[in-house]
Amino acid sequence: MTNSTVHWAWQRYRSVPIIYRIATAFILGSIVGLVVGEPATNLQPLGDLFVRLLKMVIIPIVVFTLIMAARNLSPQNLGKVGGQVILLYLFTTMIAIGIGLVVSNVIDPGVGLLLEDAMEKTAVETKESPGLGQVFLNIVPENPFGAMAEGQILSVIFFALAFGIGLTFVRDEAEVGSSVYNGVETIFDAVEAGAEVTFKIVWGVMEYGVIGVFALMAALFAQTGTEAIFSLFKLFATLGIAIGLQISVVYLLIIVSGLVGQSPIAFLRGGKDAMMTALSIRSSSGTLPVTMSNADENLKIDQEVYSFSLPLGATINMDGTAMYLGIAAIFTANVVGRSLTIAEQLSVLVTALIASIGTAGVPGASIVMMTVVFTQVGLPIQAIALVIGIDPLLDRMRTMNNITGDLAVTTLVAKWNDAIDFSTGVWAGKGADTGSVGTPATDD
């Protein structure tokens, strides 16, 4: 085989989106585990290497991305509209995680599938769970660097946000061009460079993930047989029900009907193009041109509102993804024979809420965020391999949820600021078509 042939084959392989390559590895690894049986467990070390690589990037991702998030949320950019948008995004994300946890506790996805090896690995870590008061107290680290070394995720998140916000205030109070101002900008530039380097490492980890997921699934199905299939179906159903509740109750009933005082059907008609595009391409940022077109032409929202709220929402408003983190945590706890306490579930809520802001733009964001949440509550990261294969299907639902939330919040803020015309567009029964679909930039 010539070098040109190898290069051509490699380029064709790389042209397939990484999430589909991983999904293929998931399916092939599962088949190998079922067919080969016990000998397939010898592939476990290749899967464990993938897990170690994921753990390696957790702290750098959290620190760099959250400091960058603080830079982008400069106090001078947070006017009345900005403050309303950000608070509503945080509120709907918190509600989404809560709904995910409640639905998961009712359905209990993963019950009946027991991963004995994973349970042994977490037995020491979960002897005693802290109370609610201790959970809140532990958020503030006594030693930030010690928290990083020990993988105390909430403490690291708190310090990174505090440090980033502190830098932002120092920069805004300093005179432009002064040594202090330039020094802060230099730190931000260094952090941005660090974030870009970390993203490249994440890219490499995800490339190896094709091998790692194949090995993990082969070893898993060699031990469990077909029992895992029903558990994955329950996971899919749990997310579907939770997203249905978030869209119908939170976005349509409470926001559109209750607070905006308009027809939920009209809202859906106005945002249907963006919702369908998100379902198709699985990217909030890729859907952004369609979302903005729907807000302008169909929902008749003023540009001064949607030009700020929608790009920001595509970056930080990850309701569907954050909801999924809570569901995945309950699922994983069930498959390793654990029961998450109220304090641990609260910890999941807080971690998922804050992590969703910082890691939204990271390639494979849901996987990175899952490692952050699992580490916080002592769940085995190996379990990520069990759900990653069906992630393309789950991701479509999550992204559609995210886009619907962006439009609902934008509509409410526009109403509060008299920046929407309810006499035209879909509100008057006159639907409008939107423009072309954008190219997806990254998965949610």
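This report describes the helices, salt bridges and a few single residues of one predicted protein model.

**Overall make-up**

The chain has 444 residues, and 54% of them count as buried. Its secondary structure consists of 18 helices and zero strands. The area that the chain exposes is about 18700 Å², of which carbon and sulfur atoms supply 64%. Contacts can also be sorted by how far apart the partners lie in the sequence. Among those between residues at least 6 apart, 84% join residues at least 24 apart.

**Two helix pairs**

Two pairs of helices show how the elements pack. The first is made of helix α4, residues 80-107, and helix α14, residues 319-335. Their axes come within 8 Å and cross at roughly 30 degrees. An angle under 35 degrees counts as roughly parallel, so α4 is roughly parallel to α14. The crossing of α4 past α14 is right-handed. On the α4 side, the residues that meet α14 include Tyr89, Thr92, Ala96, Ile97, Gly100 and Leu101. On the α14 side, the residues that meet α4 include Asp319, Ala322, Met323, Gly326 and Ile330.

The second pair is made of helix α13, residues 303-316, and helix α18, residues 391-416. Here the axes are 10 Å apart and the packing angle is about 150 degrees. An angle over 145 degrees counts as roughly antiparallel, and α13 and α18 are therefore roughly antiparallel to each other. The crossing of α13 past α18 is right-handed. In α13, Val305, Tyr306, Ser309, Leu310, Gly313 and Ala314 take part in the meeting with α18. Their counterparts in α18 are Asp406, Leu407, Thr410, Val413 and Ala414.

**Salt bridges**

The structure holds five salt bridges. Three of them are listed here, each with the distance between the closest N and O atoms or from N to O.

| Acidic residue | Basic residue | Distance |
|---|---|---|
| Glu207 | Arg21 | 2.8 Å |
| Asp172 | Arg171 | 3.4 Å |
| Glu185 | Arg171 | 3.2 Å |

Glu207 forms a salt bridge with Arg21. Glu207 lies in helix α9 (residues 179-224) and Arg21 in helix α2 (residues 18-36), so this pair ties together parts that are 186 residues apart in sequence. Both Glu207 and Arg21 are buried.

The other two bridges in the table involve Arg171. The side chains of Arg171 and Glu185 meet in one of these salt bridges. Because Arg171 lies in helix α8 (residues 153-173) and Glu185 in helix α9, the pair ties together parts that are 14 residues apart in sequence. Both Arg171 and Glu185 are buried. Through shared partners, salt bridges join Arg171, Asp172 and Glu185 into one network.

Are the residues of the Asp172 and Arg171 bridge buried or exposed? Arg171 has a relative accessible area of 8%. Buried means under 20%, so Arg171 is buried. Asp172 has a relative accessibility of 29% and therefore counts as partly exposed.

**Two residues with positive phi**

Two aspartates have a positive phi value, each being a residue other than glycine. For Asp108, phi is near 55 degrees. Asp108 lies in the loop between α4 and α5, the latter covering residues 116-122. With a relative accessibility of 28%, Asp108 counts as partly exposed.

For Asp418, phi is near 50 degrees. Asp418 is found in the segment after α18. The relative accessible area of Asp418 is 71%. Exposed means over 50%, so Asp418 is exposed.

**Phe145**

Where is Phe145 placed? Phe145 belongs to helix α7, which runs over residues 144-150. At 60% relative accessibility, Phe145 counts as exposed. Phe145 and Ser155 are 10 residues apart along the chain, and their C-alpha atoms are separated by 9.9 Å.

Technical notes: Residues are numbered from 1 along each chain as its sequence is written. This is a predicted model: local features need pLDDT of at least 70, side-chain atom pairs count only at pLDDT 80 or more; totals for chains, interfaces and linings use all residues. Side-chain values use heavy atoms; hydrogens and water are left out. A salt bridge is a side-chain nitrogen of Lys or Arg within 4 Å of a carboxyl oxygen of Asp or Glu. Helices (H or I, at least four residues) and strands (E, at least two) are DSSP runs, numbered from the N terminus. Buried means under 20% relative accessible area, exposed over 50%, partly exposed in between (1.4 Å probe, protein chains only). Contact means heavy atoms within 4.5 Å. Accessible areas come from the Shrake-Rupley method with a 1.4 Å probe; for residues, only the protein chains shown count as cover. Axes are lines fitted to C-alpha atoms, for helices over the stretch in contact, and angles run from 0 to 180 degrees between N-to-C directions. Angles under 35 degrees count as roughly parallel, over 145 as roughly antiparallel, 65 to 115 as roughly perpendicular and the rest as oblique. A crossing is left-handed if the near helix is turned anticlockwise from the far one by less than a right angle, and right-handed if clockwise.
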